[in-house]
Amino acid sequence: MSQPVIVYEPFKAGLPPMRAYLRSLWHRRAFVSEFARSELREQNFGSVFGQLWLVLNPLLLSGVYFLLIYVIGGTSDEIRFGHLTATLFLFYLIANSLTGGVKAITSGQRLILNTSFPRIMLPISAVVVAIFKFLPTLIVALAIHAILGLPYSWQMLWAIPILLISVVMALGMAILISCINVYFRDISSMLPYLTRSLLYLSPILYEASTISESIKQYQIVNPIFYLLDSWSRVLVHAEAPTTFGLLHSSLFALVIFILGTYFFLSRERDFAVRL
Amino acid sequence: MISLSDFNHDHSQGSIAVSVQNLGLTYTTSIDKKPTLKARIKSLGRGKKHTRTVKALNGVSLDVRYGTVLGIIGSNGAGKSSLMRVISGIVPPTEGRIEVHGSVSTLLALGVGFNQAMTGRENVYLGGLAAGMSRAEIDANFQAIADFSELGEAIDAPMRTYSSGMFARLAFSVAAVVEPDILIVDEALSTGDAHFKAKSLSRMKELRTADRALILVSHALATIEDLCNEVIWLDKGTLMARGNPTEVIAAYREFMNVRKSASSDEDV
């Protein structure tokens with residue numbers, strides 16, 4: 001008799017067999033991209049105007065904030081507008097991952113109850129959607145950079161590792177919040193307030209250098225504060241990011257990712273019963 | 001959670017496909033409609049119980065061997081679907097152990113993973129990928145799926161324009177081309193019109209080979225009797241009978257009739 005291929009035993013909190021899990025996840029990667037594509041299509045981003053909206057929406061938003069802060073405030077310079085748009089776009093990568101991730105599990109009920117697959121694919125797909133929405137805005141940010149005549153340097157290549165850190169952060173947050181929402185369904189209705197607070201607490205509408213030291217010391221608990229600051233230094237000022245900024249954001253990204261993934265993986269076999 | 005193409009074992013007739021040992025499944029469902037943080041905070045310190053337990057399966061043991069077509073019958077809430085979900089790894093058991101020797105494909109509900117906004121063609125890929133096929137496997141089988149569904153040109157129309165029969169036909173077609181070692185089908189045969197029903201039944205008969213195990217859940221007792229060579233009968237989570245289809249179905253019918261007449265007596 002052959003060895004049992006799969007054994008199912010009572011659920012215990014703890015990680016599933018990781019090698020089999022990762023192999024299965026890798027095998028299903030085509031599903032993640034197809035699922036994300038269908039999600040985008042459903043939100044009408046398959047059409048020309050839908051895609052245009054993807055660029056227009058953050059652009060209009062940054063225009064509104066620009067009006068609000070700098071025109072009414074009386075000061076306006078290129079650096080500040082460049083900073084506002086660049087950081088706002090990166091912020092939306094994180095925020096979209098959160099809003100997409102929060103309902104990833106609860107809205108995938110039919111799929112979860114009827115098919116066996118690594119559940120983590122659902123929040124991952126939500127992040128893939130957020131990345132697809134982010135990419136066109138990156139081009140807009142670079143275009144604005146050129147139009148405003150902001151400086152260029154090789155230090156701007158730091159944007160690549162910072163973007164990687166952001167993706168890890170977005171994944172961690174999406175995975176964590178999708179799991180929490182299974183147990184506390186009202187998290188999804190609280191989320192808009194959470195992202196809004198995060199927006200105001202992060203150096204987007206202002207630059208990190210403009211706030212006082214006494215306030216700044218509390219910003220160490222904001223996971224994306226130094227991420228956005230580094231992004232602005234690199235992309236807008238064309239400077240190298242600070243070592244502290246890089247360390248702070250990578251540490252937060254890794255901790256959130258590992259915590260979220262552990263929490264998710266040790267709980268996911270329980271999801272089908274909870275839905 | 002293992003994809004179909006990972007295993008291409010040769011299974012001889014009579015070797016064990018699925019072994020279920022003393023399986024128990026208890027659901028803990030929350031009393032509140034939805035579990036919320038608000039509800040949890042409100043009941044803090046009151047020692048209020050949030051949950052209610054439901055015993056869906058109790059001490060079920062059975063072996064399914066290759067070459068078997070196992071039918072599962074029982075009234076609503078007997079635990080049929082729960083048993084299917086545990087065997088396919090969707091829900092973990094509360095007690096006992098399940099060993100699966102081979103690749104499993106489940107057809108528990110039709111059109112899982114389908115997206116109404118996409119065309120039939122795109123949904124074939126989406127549904128196939130959700131079922132664990134690779135893109136290359138779907139490419140190779142696409143024509144067969146399209147032909148089987150008999151949708152014709154409608155395959156390129158958005159799915160929201162489909163009638164429910166068209167939807168079911170396409171969904172069954174996607175599932176029918178998968179050729180797993182172990183196929184689990186829950187109430188999916190009764191789709192479409194009489195013509196398509198006959199067609200899906202004959203497809204199920206084609207899938208009845210010596211190196212495959214089929215597990216079917218159905219209320220259509222005649223179909224079960226026709227297709228299966230073994231039947232189990234579940235009632236309230238326990239295994240009532242197992243064996244020859246004709247005998248088990250007869251016992252089940254008798255049981256149902258007794259219960260019916262007993263309850264109709266009560267009314268008098």
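Buried means under 20% relative accessible area, exposed means over 50%, and partly exposed covers the range in between. This tour uses those words throughout. The model is predicted.

**Stop 1: B:Arg121 and B:Asp156**

Select B:Arg121. Its relative accessibility is 35%, so B:Arg121 counts as partly exposed. Now add B:Asp156, which forms a salt bridge with B:Arg121, with the closest N and O atoms 2.7 Å apart. B:Asp156 sits in the loop between H4 and H5 of chain B, while B:Arg121 belongs to helix H3 of chain B, so the pair ties together parts that are 35 residues apart in sequence. B:Asp156 is partly exposed, with a relative accessible area of 43%.

**Stop 2: helix H3 of chain B**

Extend the selection to residues 120–130 of chain B, which make up helix H3. How many of the 11 residues of this helix are buried? The number is 10, so the helix is largely enclosed by the rest of the structure. Among the buried residues of H3(B) are B:Glu122, B:Asn123, B:Val124, B:Tyr125 and B:Leu126. B:Gly120, B:Gly127 and B:Gly128 are also on the list of buried residues.

What do the buried residues of H3(B) pack against? Show H2 and H5 of chain A, then helix H4 (135–149) and helix H5 (164–177) of chain B; the buried residues of H3(B) pack against these. Then go to B:Gly132, which follows H3(B) and has a positive phi, near 100°.

**Stop 3: the interface of chain A and chain B**

Colour the two chains separately and select the residues in contact. Chain A contributes 47 residues to the contact and chain B contributes 52. About 4,400 Å² is buried between the two chains, and carbon and sulfur atoms give 60% of that area. On the chain A side, pick A:Tyr8, A:His27 and A:Asn114: these lose the most area to chain B, together 16% of what that side buries.

Turn on polar contacts next. There are 9 residue pairs in polar contact across the interface of chain A and chain B, both residues being at pLDDT 80 or more. Several elements of chain A each supply at least two residues to the side that touches chain B, including strand S1 (6–8), helix H1 (18–27), helix H2 (29–42) and helix H7 (159–183). Which element gives the most to this side of chain A? H2(A) does, with 10 residues. By residue type, the side of chain A that touches chain B divides into 24 nonpolar, 9 polar and 14 charged residues.

Strand pairing also crosses between the chains. Select S1(A) and strand S4 (residues 95–100) of chain B, which run antiparallel and are joined by 3 bridges. Within S4(B), B:Ile98 is the bridge partner of A:Tyr8.

**Stop 4: A:Glu34 and its partners**

Side chains of opposite charge can pair when their charged atoms come close. The rule finds 2 salt bridges across the interface of chain A and chain B. To see one of them, select A:Glu34 and B:Arg135, whose closest N and O atoms are 3.2 Å apart. A:Glu34 also forms a salt bridge with A:Arg37, here with 3.4 Å between the closest N and O atoms. A:Glu34 and A:Arg37 are 3 residues apart in helix H2 of chain A, so about one helical turn separates them.

Is A:Glu34 buried or exposed? At 4% relative accessibility, A:Glu34 counts as buried. A:Arg37, at 38%, counts as partly exposed. A:Glu34, A:Arg37 and B:Arg135 are linked in a network of salt bridges.

**Stop 5: B:Asp226 and B:Lys205**

Over all chains, the whole structure has 11 salt bridges. For another one, select B:Asp226 and B:Lys205, whose side chains meet at 3.2 Å, N to O. This pair links distant parts of the chain, 21 residues apart: B:Asp226 is in helix H7 (residues 221–227) of chain B and B:Lys205 in helix H6 (residues 194–206) of chain B. B:Asp226 is partly exposed at 38% relative accessibility, and B:Lys205 is partly exposed at 33%.

**Stop 6: strand S7 of chain B**

Finish with residues 213–217 of chain B, strand S7, where 5 of 5 residues are buried. B:Ala213, B:Ile215 and B:Val217 point one way from S7(B), and B:Leu214 and B:Leu216 point the other way.

Now show the neighbouring strands in the pairing. Strand S3 (residues 69–73) of chain B runs parallel to S7(B), with 4 bridges between them. Strand S6 (residues 182–186) of chain B also pairs with S7(B) in the parallel sense, over 5 bridges. Select B:Val217 last: this residue of S7(B) is the bridge partner of B:Ile72 and of B:Asp186.

Terms used:
Residues numbered from 1 in each chain as written. Chains lettered and ligands numbered in written order. Predicted model: local features only at pLDDT ≥ 70, side-chain atom pairs only at ≥ 80, totals over all residues. Heavy atoms only, no water. Buried < 20%, exposed > 50% of the residue type's maximum accessible area, 1.4 Å probe, protein only. Pairing = 2+ DSSP bridges. Contact = heavy atoms within 4.5 Å. Buried area = accessible area lost by both parts, 1.4 Å probe. Salt bridge = Lys/Arg side-chain N within 4 Å of Asp/Glu carboxyl O. Polar contact = N/O pair within 3.5 Å; in protein donor to acceptor, adjacent residues only side chain to side chain. Nonpolar A, V, L, I, M, F, W, Y, C, P; charged D, E, K, R; others polar.
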